Amino acid sequence: MRTDYAFIGVTLVVACALIGVVPILNYLIAPQTPNKSKRETYECGMETVGDTWVQFRAQYYLFALIFVLFDVGGVLLFPFAVAYNSVNLWGVIVVSLFVLTLLASLGYAIKKGALNWE
Amino acid sequence: MDIINNLVKNLGDGIAAGIYGALGQGIAADILIMVIAAIAVFAVASGGFAGLTYAERKIVARIQDRVGPNQAGPYGILQPIADAVKLFTKEDTTPAEADFWVYHLAPIIVAVFATLTFTVVPFAPGVVGTNLNIGAFYIIAIGSASTIAILMAGWGSNNKYSLLGAFRTVAQLVGYEVPMLLNMLPVIMLTGSMSLVDIIERQAGWNGSWGLPFIVILPLSGLAFLISGIAETGRSPFDLLEAESEIVAGFHVEYSGMKFGLIMMGEYMNALGVAVMFSVLFLGGYAGPILPPYLWLVLKAFGVFLVLMWLRGTLPRVRIDQLLNMNWKFFVPLSVVNLILVMILGKVFVSDPALFKANGGILIQPLAQALIMGASSFALLMIALAIVTRRVRKDRMAEAAILLQRRETNQQIAASVH
């Protein structure tokens, strides 16, 4: 049981080692002649104006929030899916109510216009 | 025949036996075997990446009436090696204002987590990195790590186009994870396990020895899973996060040399991962007649990837509002309704006598159960498409009417000026 996960750990380490060495090799092999204009931010060749790290639209947050709602709801459904064979029709109806609640919240978000991209 | 069928498994067992013989049974031997297996998994993933870049360029070129790479070696077959050499010898320019750690770590994280997907994929009976009991769930969890890495790349580059690409990523990749998750659930319900090996065995053993892939039983889930999988890996026609013609190259505009190569590698591995997952979950994985099992998985995964290339070669890119509307207003509600439909049908029509005794319902043949589920799922898809088509046509008509009115007003203004 624990060795199941050990393999993932080993793969993580091996993959990090094999992939991590690639940029270092690239650094050693490739020519390194940086100059000022080479190290500038590349935006259509124009000089960049202002700071990049600014406040951005709140719309993205709305999508992220609704995603969290559905992701957590979906994760809660996974144990039920595994135990599906051991519940009867009544259990299924109860879970359907939970899923329909999720759907109702999505409907509310759509009706409020939270998912309209402008 | 058995020798060919179990070739990979016997090879692995032979190496393991040799190591146990040399080192004795112990933790050192276990770790060495795991390291070799991990390198094998990495080799499969990166070999698939190298082969697919060539195949994709060649096939998409044919679709678009071009020749594609043809200089390096016969039919350009050495193109992946030429690309690797070129990328390795390219100067790696880093923008002066980039965030050092975030910028340099992002490509490594993309590639590493794409590799990790392949640790749970069963390549043949007994040939699986690790048969996790939460395999399907693990794939979803690992898959969302690439979103973080792309956001890191976009943010760390300190470039406005990169950041725009990264923002689109958050809205897109994050959103399409939901239908992917919801369409995996019916498969897990019918199997009763999240282990990928169990899912394959369930499809192979449907109705006694008759194999029946889940795509026949759950066509809607399969279709929605594939489409959201393509969107999740950010491939054309959902490649808004790179969109060469709009925001230069999106999140990886500032990356050059092998760092760019690593990002491409991660993307291709993720796309290959989706193709492999679709073959495992809906096409029966390594199960198949005559040919050896590992060949079946490769064939099925390549077949799915061919569909991905075909879509890339033919479809134009969708707009971001269309993309998000399609997800939140079509796929997610449809997946939820489909989930409820499968849940209730699976309880009303029971094929397993033991389950019938425990929970009741109507006892029928497995094939009849599959047919009922497949037909009702297909009917649901058709109804949903009919509703959406009508709705979208109405919207388009309204838009066209507004445009027409505007044009008439403009003409009147133009006429009054002259």
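## Two chains, three exercises

The secondary structure of chain B, in this predicted model, comes to 17 helices and four strands. Let's work through what else the two chains show.

**Exercise 1.** Find out how chain B is filled and folded: what percentage of its residues is buried, and what share of its contacts with a separation of 6 or more joins residues 24 or more positions apart?

*Solution.*
- Start with burial. A residue counts as buried if 20 or more other C-beta atoms lie within 10 Å of its own. In chain B, 47% of the 418 residues pass that test.
- Now take the contacts with a separation of 6 or more: 76% of them in chain B link residues 24 or more positions apart.
- For the overall dimensions, the C-alpha atoms of chain B fill a box of roughly 95 × 65 × 40 Å along the principal axes.

**Exercise 2.** Describe chain A: how many helices and strands does it have?

*Solution.*
- Count the elements: chain A has three helices and zero strands.
- Read along the sequence, and you get α-α-α.
- Check burial too: 21% of the 118 residues in chain A are buried.

**Exercise 3.** Look at where the chains touch: which helix of chain B supplies the largest share of the side that touches chain A?

*Solution.*
- Begin with the totals: 71 residues of chain B are in contact with 57 residues of chain A.
- Next, list the helices of chain B that each give at least two residues to that side: α3 (27–63), α5 (100–116), α8 (160–191), α13 (257–282), α15 (320–348) and α16 (353–359).
- Pick the top contributor: α8(B), with 15 residues.
- Finally, sort the residues on chain B's side by type, and you find 44 nonpolar, 16 polar and 11 charged.

Methods. Residues numbered from 1 in each chain as written. Chains lettered and ligands numbered in written order. Predicted model: local features only at pLDDT ≥ 70, side-chain atom pairs only at ≥ 80, totals over all residues. Buried ≥ 20, exposed ≤ 12 C-beta atoms within 10 Å, placed from the backbone. Contact = placed C-beta atoms within 7 Å. Nonpolar A, V, L, I, M, F, W, Y, C, P; charged D, E, K, R; others polar.
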